[in-house]
Amino acid sequence: MSDFIDIVEQARDGAPAGQRNVQLDADTLLVELVVRPAVGMAFLTGAPYAAALGVADALAGLGATGVGVAWPHDVCGPDGVMATVRTTAGYGEGMFVVCHVALAGVTPQTAEWAEGISQAGRAATPLGPILNELFDRMPLMGKPAEVVYPNGKVAMRGTLVGMDVWGRATIRNEFGRDLDIAPEHASIRAAAE
């Protein structure tokens, strides 16, 4: 995703919500979108998850079938990852999040997500408003999975059994022990058969 047109600096300079840049890179559309959710900085870790749900909804709305979310926040289909989603948060004329999506022009669900956080008040968590839908949209949930370190080595095999309000996935190993995995520590993929 290093080929994105970077609008983070534009957001820092006050670019409004909805400003986007789009470019074609081979057969992939790269989209960046500025959003300005009215949530505290501590909750912005939930933004890529909300963005992934929005991308999944948009694809389903366009007729794609079997669309889900691959942990932590990429969009998948029956043949694997369909869209890579990441975000960059910052401050410039207020808080902003730039959603980076490697797919055609779709809009993340950040408005509904931000509203849910605002309504929760002091009990809010980054994924609280969207956790149930996110859980339901993960086709790997309840299935054999591998935890993979950034260097590509498989750390463990087990079953993806959950996700918490902070975005950590829970893998249950063959002995029934649960291990929580943070997105910055490892990735999860379907277990090789």
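The exercises below, each with a worked solution, concern two pockets and one glycine in a predicted model.

**Exercise 1.** Describe the largest pocket by its volume, its lining and the elements that contribute to that lining.

*Solution.* Begin with the space itself, which amounts to about 480 Å³ in the largest pocket. Next, take the lining, which consists of 24 residues, with A70, C76, L140, R189 and A190 lying nearest the centre. Then turn to the secondary structure, where β3 (68-70), β4 (74-77), β5 (80-83) and β12 (187-190) are the elements that each give two or more residues to this lining; the most comes from β12, with four residues. Finally, sort the lining by class, which yields 17 nonpolar, three polar and four charged residues.

**Exercise 2.** Determine the volume of the second largest pocket, and state which residues line it and how they divide by class.

*Solution.* The volume comes to about 200 Å³. The lining is made up of T45, P48, Y49, P72, H73, W166, R168, A182, P183 and E184, and by class these are six nonpolar, two polar and two charged residues.

**Exercise 3.** Locate G167, decide whether G167 is buried or exposed, and identify its contacts beyond four places in sequence.

*Solution.* First, G167 is placed in the loop between β9 (154-163) and β10 (169-172). Second, its relative accessible area is 0%, and because buried means under 20%, G167 counts as buried. Third, once neighbours within four places in sequence are set aside, G167 is in contact with Y49, W71, L127, I181 and P183. For one of these partners, I181, which is 14 residues away along the chain, the C-alpha separation from G167 is 8.7 Å.

Conventions. Residues numbered from 1 in each chain as written. Predicted model: local features only at pLDDT ≥ 70, side-chain atom pairs only at ≥ 80, totals over all residues. Heavy atoms only, no water. 1 Å grid on protein atoms, 1.4 Å probe; cavity = no way out; pocket = protein on both sides within 12 Å on 5 of 7 lines; lining within 4 Å. Points joined across faces, edges and corners; volume = space filled by probe spheres on them. Nonpolar A, V, L, I, M, F, W, Y, C, P; charged D, E, K, R; others polar. Buried < 20%, exposed > 50% of the residue type's maximum accessible area, 1.4 Å probe, protein only. Contact = heavy atoms within 4.5 Å.
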